[in-house]
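Me: I've only just opened this one and I don't know my way around yet. Please pick a single part, take a close look at it, and give me enough of the surroundings to see where it fits.

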Amino acid sequence: MSDALLTMDDVRASYGDFQALFNITLEIRAGEIVTLIGANGAGKTTTLRVISGLLRSQHGQLRFDGQDISKLPPHEIVVRGVSHVPEGRQLFPHMSVEENLALGAYIGRVRPKLKDLVEEQFELFPRLKERRRQLAGTLSGGEQQMVALARGLMAAPKLLLLDEPSLGLSPKIVEEVFAKVQQIGKSGVTVLIVEQNVVDGLSISDRGYVVENGEVTLQGTPKELLGNEQIRAAYLGL
Amino acid sequence: MLNWFYIPLQGILNGLLTGALYALIGMGMALIFGVMRIVNFAHGAFLMMGMYATYVVFQATGVSPYYQFPLAGVLLFFVGYATYMGLLRPIRGQVDFMVILLTMGLALILTDAAQLVFGADYHQINIPLLSKNIHIGPQISINAPWLVSFGIAMVLACALYWVVTQTMFGRAARAIAQNPYAAPLMGINVNRVQAIAFGIGSAAAGISGALLLPVFYLFPEVGNQFKLKSFVMVVLGGMGSIQGAAIAGLVLGVVESLTSLYWGNEWALAVDFVLFILVLSLKPSGIFGSQRA
């Protein structure tokens, strides 16, 4: 398809001698919300790490916005328009909410718009406006996830990578987080989510991919995937 | 005649004047430690380089160190930047011990190189300002060059604090210290920011050397005692807190000054290390700041 924002074709990657990805093949079109589902250790997080440049791919094609990004360091991939919100939030704990957001707008392209971007995030997450001067490390888990999302959006990305945004949060907060992600998707940002919370993840997605043992084995619409017997047995315990 | 009041007051004043220079040295060390967790054993040798560079320029041009100190800063910025990029970056991620050995080795090479080029003799420079004293009331007098170096060091210390706390560069440097995994995801070029931070920390040592030249004597191993003092400041200030190191520098200056006043000069360094050991064993997070750079 010609309007693909991100293409991965037979991507392979290893941590030292341990090969984690064997054949990741997927395509994400501009404006979509896509979820990667799969068991623990299947390679979902590794896939995101390869896209954002934290881990080098050793084989295959990795193209973003029409260009090969497989050789770029992480800080240049951010400049191209990929924002990675890592698993476990990974905030800067001794800095205020505002400073965390400011770091999200570190790249030169968006830095002049810092103030506007912060206001945009406060509109999307009013809670953060109340907490703007509080140190990020002292926030609740849900608030930290909001800061992580907002910080990711500060770079005005074309593609937002979300790694386990529901991890460690109460069901009510999870619902709130997914509602925000849906809102972000509607605003025109393409989103790739990695999620163990299969039903919630798929419920806001246009499409999903199943990753097993470092390989993409299945893809489809949320309806198709949730109707699939194997998936129901493996991930939903039905 | 109120001697019980004026003598210690003079001691405290002298201590603050020396302490401002200590503060600048310590802040440079704390910046490097805070951002990179690198204990730079070459910090004293960098100070020595700043002193010799200033000495050479003074001998050639006669321009007072109080005007030409930025040269030493620029020189040492590039020395620090190159040291990080060329020597330290290749061994990042290895055990800390390698970094310690490398910076120690570098310090030895620089010190011996200075001895080779300039000889082991002590040097001093003479500028007219040295003989000027400022009198406050009948009892208190301040040596003019110390006052000038105090002013310059304090301005630079505040500037350094401003850079680290208020600018995007400083934010990036602190981000790397607090979460090295997330920093590159913000678009931060970690190696470049670290090299610049290492350069700035080294420049602080170089400038301190330039400011010390008129009031101290110069020899190849002059950096050693300041290296030791900067360890003490980094620990007192709370590992890697630059404002903590600055306050620790002032305190160290006053403590040393009062120690030599009442117990004699030879006790000053001993008191430094008693403080060092006490803080490490009783409050290892430091006294003057717990937050990292």
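Reply: A quick word on vocabulary before we zoom in: helices and strands here are runs assigned by DSSP, with at least four residues for a helix and at least two for a strand, and they are numbered from the N terminus. Also keep in mind that you're looking at a predicted model.

By that count, chain B has ten helices and two strands. Start at its N terminus and the order goes α-α-α-α-β-β-α-α-α-α-α-α. The part I'd pick is helix H6 of chain B, residues 168–178.

Let's set the scene first. The C-alpha trace of chain B spans about 65 × 45 × 30 Å along its principal axes. Its radius of gyration is 19 Å, which agrees with the value near 19 Å for a compact globule of 293 residues. Take contacts in chain B between residues at least 6 apart in sequence, and 77% of them join residues at least 24 apart. The accessible surface of this chain is about 12500 Å², with 69% of that belonging to carbon and sulfur atoms. As for charge, chain B carries 11 positive and 7 negative side chains, and 21 Å lie between the centres of the two sets.

Now for burial. A residue counts as buried when its relative accessible area is under 20%. In chain B, 53% of the 293 residues are buried. In H6, ten of the eleven residues are, so this helix is largely enclosed by the rest of the structure. Which residues of H6(B) are buried? They are Met168(B), Gly170(B), Arg171(B), Ala172(B), Ala173(B), Arg174(B), Ala175(B), Ile176(B), Ala177(B) and Gln178(B).

What do those buried residues pack against? Within chain B, their partners are H1, helix H5 (144–166) and helix H7 (190–212). They also pack against H3 of chain A, so let's look across at that other chain.

Chain A has ten helices and ten strands. Its radius of gyration is 17 Å, close to the 18 Å that the globule rule gives for 238 residues, so chain A is as compact as a globular protein of that length. Its C-alpha trace spans about 45 × 40 × 35 Å along the principal axes, and 54% of its residues are buried. The chain is divided into domain 1 (4–81 + 157–235) and domain 2 (93–155). Where these two domains touch, 18 residues come from domain 1 and 13 from domain 2. H3 of chain A, the partner of our helix, covers residues 97–104. In the loop between strand S6 (82–85) and H3 of chain A you'll find Arg89(A). This residue has a positive phi of about 70° although it isn't a glycine, and its relative accessible area of 12% makes it buried.

Back in chain B, have a look at H1 (3–36), another partner of H6. Arg37(B) lies in the loop between H1 and helix H2 (43–61). Arg37(B) is also a residue other than glycine with a positive phi, near 55°, but it is partly exposed, with a relative accessible area of 34%.

One last stop takes us further along the chain. Ala177(B), one of the buried residues of H6(B), has its C-alpha atom 9.4 Å from that of Gly240(B), although 63 residues separate the two along the chain. Gly240(B) sits in the loop between H8 and helix H9 (242–262), and its relative accessible area of 0% means it is buried. In H8 itself, residues 223–236, you'll find Ser230(B), which is also buried at 0%. Beyond its neighbours within four places in sequence, Ser230(B) contacts Ile25(B), Gly26(B), Met29(B) and His43(B).

Conventions. Residues are numbered from 1 along each chain as its sequence is written. Chains are lettered from A and ligands numbered from 1 in the order in which they are written. This is a predicted model: local features need pLDDT of at least 70, side-chain atom pairs count only at pLDDT 80 or more; totals for chains, interfaces and linings use all residues. Side-chain values use heavy atoms; hydrogens and water are left out. The radius of gyration is taken over C-alpha atoms; the globule rule is 2.2 Å times the number of residues to the power 0.38. Buried means under 20% relative accessible area, exposed over 50%, partly exposed in between (1.4 Å probe, protein chains only). Contact means heavy atoms within 4.5 Å. Accessible areas come from the Shrake-Rupley method with a 1.4 Å probe; for residues, only the protein chains shown count as cover. Lys and Arg count as positive and Asp and Glu as negative; His and the chain ends are not counted. The place of a charge is taken as NZ of Lys, CZ of Arg, CG of Asp or CD of Glu. Domain bounds come from an automatic or database domain assignment.
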